[in-house]
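Visitor: I should like to understand how the descriptive terms applied to a structure are justified. Could you take me through the reasoning, term by term?

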Amino acid sequence: MEMRRIVVLTGAGVSAESGIKTFRDADGLWENYKIEDVATPEAWKRNPSLVLDFYNQRRKKVLEVNPNAAHYSLVELEKNFHVNIITQNIDNLHERAGSKNVLHLHGEITKSRSTNNHKLIYPIEGWQLNIDECCELGSQLRPHIVWFGEQVPEMENSIPLVQMADIVIVIGTSLAVYPAAGLIMYAKKDAEKFLIDPASVPYDRIFNLRIIRDTACKAVPQLVNDLLK
Ligand code: OAD
């Protein structure tokens with residue numbers, strides 16, 4: 001028999017208990033930085049050092065922390081299900097926990113990309129990416145991140161996965177940023193849907209949805225246990 005398919009959509013909340021700040025909670029990143037100063041193509045043109053520094057700090061943090069119980073329990077699902085993780089997060093905690101199929105909608109903090117050819121992507125050694133670090137064509141490298149106002153090329157690969165899923169689990173996202181926030185709309189009407197978040201996320205008119213208002217480290221291992229039974 002073919003394995004049932006699970007798609008897990010994650011946001012900053014799944015990594016919060018690892019010690020990575022979310023964006024929109026109290027004291028979140030967007031309370032301490034302005035999006036238009038650090039996370040747009042215009043910011044990059046205006047002040048690339050500031051942008052590099054912002055992402056260097058994020059990268060440093062990611063390298064210091066570890067996956068948590070939520071990341072690890074999602075790996076367990078692979079025993080009985082075909083699992084795809086679609087994350088808005090730029091950290092690598094799902095991969096470090098051991099999840100096999102992880103798709104990053106908003107890019108990856110541990111990689112750089114050529115400003116001349118978007119297909120040239122490189123791993124970053126250590127935590128810093130600096131001015132004058134160049135790709136093989138001699139152009140400045142930028143963080144491999146999707147900035148506000150840029151295309152989200154991985155949507156194309158994500159939509160069919162959500163459409164095929166028998167179960168969709170949404171964890172720790174305020175669903176404030178499109179197109180990522182619209183992905184669940186592609187799920188089959190009768191697919192089983194779960195939303196895990198300690199805050200109340202505005203979500204109406206979704207059929208067959210169970211809302212679990214709790215933190216990822218508490219709720220995800222429990223849900224995974226239930227699904228594996
Ligand atoms: P947000 O900061 O907008 O939302 C974080 C969500 O996590 C909120 O709904 C919180 O209630 C929830 N949360 C907090 N602690 C949690 C915990 N312990 N367990 C579970 N959930 C918890 O972050 P995202 O929705 O991921 O994009 O933000 C989406 C995008 O906006 C990011 O990918 C980033 C940002 O700007 C770019 O930079 C392009």
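**Terms and their grounds**

Guide: Leu175 is placed in the loop between β7 and β8. Please bear in mind throughout that this is a predicted model.

Visitor: What makes Leu175 buried rather than exposed?

Guide: The relative accessible area of Leu175 is 16%. The term buried requires a value under 20%, so Leu175 is buried. Leu175 also has a C-alpha atom 8.1 Å from that of Pro202, with the two residues 27 apart along the chain.

Visitor: Which other residue lies in the loop between β7 and β8, and what is the form of the peptide bond from Tyr178 to Pro179?

Guide: Pro179 is found in that loop, which lies between β7 and β8 (192-196). The peptide bond from Tyr178 to Pro179 is cis, with omega near 10 degrees. Most peptide bonds are trans.

Visitor: Which residues are the closest to the ligand, and how many surround it?

Guide: The ligand is surrounded by 23 residues, of which the closest are Phe23, Arg24, Thr173, Ser174 and Asp197. A residue is counted if one of its heavy atoms lies within 4 Å. By class, this shell consists of 10 nonpolar, 9 polar and 4 charged residues.

Visitor: How do you know that Phe23, Arg24 and Ala216 make polar contacts with the ligand?

Guide: The cut-off for a pair of N or O atoms is 3.5 Å. For Phe23, a backbone N or O atom lies 2.7 Å from an oxygen atom of the ligand. For Arg24, a polar backbone atom is 2.7 Å from a ligand oxygen atom. For Ala216, a polar backbone atom is 2.9 Å from a nitrogen atom of the ligand. These distances satisfy the cut-off, so the term polar contact applies. The protein covers 93% of the 800 Å² of accessible area that the ligand has on its own.

Visitor: What is the count of disulfides, and why is Cys135 not bonded to Cys134?

Guide: The count comes to 0 disulfides. A disulfide is a covalent bond between the sulfur atoms of two cysteines. The cut-off for the two sulfur atoms is 2.5 Å. The closest cysteine sulfur to that of Cys135 belongs to Cys134, at 6.8 Å, and therefore it is too far for a bond.

Visitor: Why is Cys135 called buried, and Cys217 partly exposed?

Guide: Cys135 has 6% relative accessibility, so it counts as buried. Cys217 has 22% relative accessibility, and because the limits of the middle class are 20% and 50%, Cys217 counts as partly exposed.

Visitor: Which residues touch the most other members of the largest nonpolar core?

Guide: They are Leu9, Ile86, Leu105 and Leu183, in a core of 24 residues. At least two residues of this core come from each of β1 (4-10), α8 (155-164) and β7 (167-171). Helix α8 supplies the largest share, 4 residues.

Visitor: Is Ser158, in helix α8, buried or exposed?

Guide: Ser158 lies in helix α8 and has a relative accessible area of 0%, so Ser158 is buried. The side chain of Ser158 reaches the backbone oxygen of Glu154 at 2.8 Å.

Visitor: Why is Thr22 called buried, and Asp27 partly exposed?

Guide: Thr22 is found in the loop between α1 (13-16) and α2 (29-32), and Asp27 has its place in the loop between α1 and α2. Thr22 has 11% relative accessibility and therefore counts as buried. The relative accessible area of Asp27 is 40%, so Asp27 is partly exposed. The side chain of Thr22 makes a polar contact with the side chain of Asp25, at 2.6 Å.

Visitor: What is the phi of Asp27, and what is that of Asn208?

Guide: Asp27 has a positive phi of about 65 degrees although it is not a glycine. Asn208, also not a glycine, has a positive phi of about 60 degrees. Most residues other than glycine have a negative phi. Asn208 is found in the loop between β8 and β9 (209-212), and its 36% relative accessibility is why Asn208 counts as partly exposed.

Methods
Residues numbered from 1 in each chain as written. Predicted model: local features only at pLDDT ≥ 70, side-chain atom pairs only at ≥ 80, totals over all residues. Heavy atoms only, no water. Polar contact = N/O pair within 3.5 Å; in protein donor to acceptor, adjacent residues only side chain to side chain. Areas by Shrake-Rupley, 256 points an atom, 1.4 Å probe, with all protein chains shown as cover. Nonpolar A, V, L, I, M, F, W, Y, C, P; charged D, E, K, R; others polar. Buried < 20%, exposed > 50% of the residue type's maximum accessible area, 1.4 Å probe, protein only. Core = buried A, V, L, I, M, F, W, Y, C linked by side-chain atoms within 4.5 Å.
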